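Open the model in your viewer and keep the selection panel at hand. We will go from stop to stop.

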Amino acid sequence: MRIKIEKIVHGGYGLAYHDGGVLLIPFTVPGDTIDAVCAERGNPRFCWIKKIVEPSKYRIEPKCPNFTVCGGCDFQNIDYIYELEVKKGILIEDLKRLGGIDIGCIEDIDLIYAGDQFYRNNVQFKTDGEGKVGFFMKKSTQVVHIPEGGCLLVDEKINEFVLDILDGVDFKRGGFRVRSNRKGEVFKKGVPGFRDDRYCYYDCRDFDFRVDIDGFFQINNFLYEKWLDRVIEYIEPCEDDFVADLFSGIGFITIPVANYVRKVLGMEINGTAVKNALYNAQVNGVDNCIFKRVDVNRGFYVKEKPNKIVLDPPRAGISEQLIKEIVELEPEYVVYVSCDTSTYARDVGILYKYGMKIDKITLIDMFPRTSHIEVISRLVFI
Ligand SMILES: C[S@@+](CC[C@H](N)C(=O)[O-])C[C@H]1O[C@@H](n2cnc3c(N)ncnc32)[C@H](O)[C@@H]1O
């Protein structure tokens with residue numbers, strides 16, 4: 001059937017209407033007219049491109065030969081500046097549809113972005129035991145071998161390391177991890193013939209951070225400092241503040257913020273991350289932050305009320321119990337950072353019901369060429 005792509009929605013699918021039903025088609029661009037092959041039923045119905053009849057003016061030639069086969073990218077075929085608008089559109093729509101919130105138009109969302117290539121500092125490579133080293137196909141466990149020049153999303157030092165060892169190493173079925181930092185150092189785990197690194201090290205502003213080789217750190221080498229700058233700007237730290245940093249990881253927000261305020265309390269479920277956070281605070285000479293190992297979604301107990309709260313949860317977002325507890329503390333600001341617009345919209349929708357509203361919002365494109373969206377926002381009581 002012949003259809004026209006109206007827009008891109010959550011997950012990176014192009015959306016079209018047909019006979020009153022919704023069709024979702026991967027790897028399409030708004031404005032494309034295509035002939036599509038569609039699943040028999042479903043609403044939405046999933047379809048695939050059979051032929052591009054009239055390409056969108058925003059369509060570009062993908063630079064990666066593996067695009068559409070490899071599961072890593074969704075948007076190699078879209079002009080990058082337009083991709084940013086697409087992402088803003090998804091954020092606005094998710095807030096409306098899942099949170100019942102109208103934040104206005106795309107101009108009302110601040111935007112931070114850098115290059116769209118070679119940004120990833122942490123990569124889990126997959127191996128099939130038959131010579132392929134790369135990434136899984138979309139919704140499959142089949143391995144797609146990395147292209148000749150390396151992966152376009154991956155830091156060049158990681159590409160160099162992997163391309164160098166491709167011929168000499170006997171990879172069993174499974175995988176290995178390679179990470180890099182802005183100094184060009186490479187860290188690895190699970191590469192046959194190489195010693196595993198236990199930690200990797202990053203720097204930001206004037207701070208040094210130790211992270212477990214499998215531990216969480218912001219993955220965009222070009223943007224993580226700007227990300228932190230924006231988070232701190234939204235906190236507006238003052239000398240007397242007591243800030244609670246929930247989902248604090250290795251203290252990437254906690255430690256720099258402590259420099260501006262009276263006290264910061266970091267709360268984190270992962271014991272190894274807490275250990276590294278304590279180590280990081282000590283190494284950086286910061287003594288006014290405390291770290292607690294706690295599942296904040298089950299609630300947290302504080303003797304003293306924090307006047308500002310930062311939330312940077314994983315994709316699942318936060319629990320209703322946590323939202324209630326935050327609201328009861330009546331903080332001046334809640335800085336909510338999210339890497340998933342659907343759970344973000346759900347949670348913010350609930351915060352609105354308790355009388356809060358978005359005061360400032362930024363889309364920071366930490367994951368170019370993929371459909372993942374990172375939001376930094378500040379909520380206040382009306
Ligand atoms: C997106 S990361 C953010 C970490 C940190 N803010 C940073 O920028 O490096 C989310 C963190 O939340 C932690 N986490 C996940 N579920 C949690 C929970 N229920 N309670 C506390 N921490 C949790 C994860 O272990 C992870 O360190």
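Which residue of strand 14 does Y202 stand opposite? Keep in mind that this is a predicted model. Select Y202 and F209: F209 in strand 14 is the residue facing Y202.

**Stop 1: the hairpin**

Widen the selection to residues 199-204 and residues 207-212. These are strand 13 and strand 14, paired in the antiparallel sense over six bridges. Two residues lie between the strands of this hairpin. Click R205 there: R205 takes a positive phi near 50°.

**Stop 2: the domains**

Now colour by domain. Domain 1 covers 1-59, domain 2 covers 92-115 + 220-381, and domain 3 covers 122-205. The C-alpha centres of domain 2 and domain 3 are 30 Å apart. Show the contacts between these two: six residues of domain 2 meet five residues of domain 3. Next, select residues 224-235, which form helix 3. Helix 3 gives three residues, the largest share of the side of domain 2 that touches domain 3. That side of domain 2 has three nonpolar residues, one polar and two charged.

**Stop 3: the open sheet**

Which strands make up the open sheet of eight strands, and in what order? Trace them as 7-20-21-19-18-15-16-17; the pairing is mixed. From one strand to the next, the twist averages 20°. Select 110-112 and 289-293 to find the edges, strand 7 and strand 17. Each of these has a single partner strand, so one side of each is left without a neighbour in the sheet.

Move inward to residues 308-311 and residues 333-338. Strand 18 and strand 19 pair here in the parallel sense, over four bridges. Zoom in on L311, which stands opposite Y336 in strand 19. Side chains in a regular strand alternate between the two faces of the sheet.

**Stop 4: a helix on the sheet**

Add residues 341-353. This is helix 7, which packs on the sheet. Helix 7 touches strand 19, strand 20 (356-364) and strand 21 (374-381). Compare directions: that of helix 7 makes about 160° with that of strand 20.

**Stop 5: the ligand**

How many residues surround the ligand? Select the ligand and display its shell: there are 20 residues. Label the closest, which are F247, G249, F252, I269 and D312. Then colour the shell by residue type. The shell divides into 12 nonpolar residues, five polar and three charged.

Note on methods. Residues numbered from 1 in each chain as written. Predicted model: local features only at pLDDT ≥ 70, side-chain atom pairs only at ≥ 80, totals over all residues. Near = placed C-beta within 6 Å. Nonpolar A, V, L, I, M, F, W, Y, C, P; charged D, E, K, R; others polar. Pairing = 2+ DSSP bridges. Axes fitted to C-alpha atoms, helices over the stretch in contact; angles between N-to-C directions. Contact = placed C-beta atoms within 7 Å. Domains from an automatic or database assignment.
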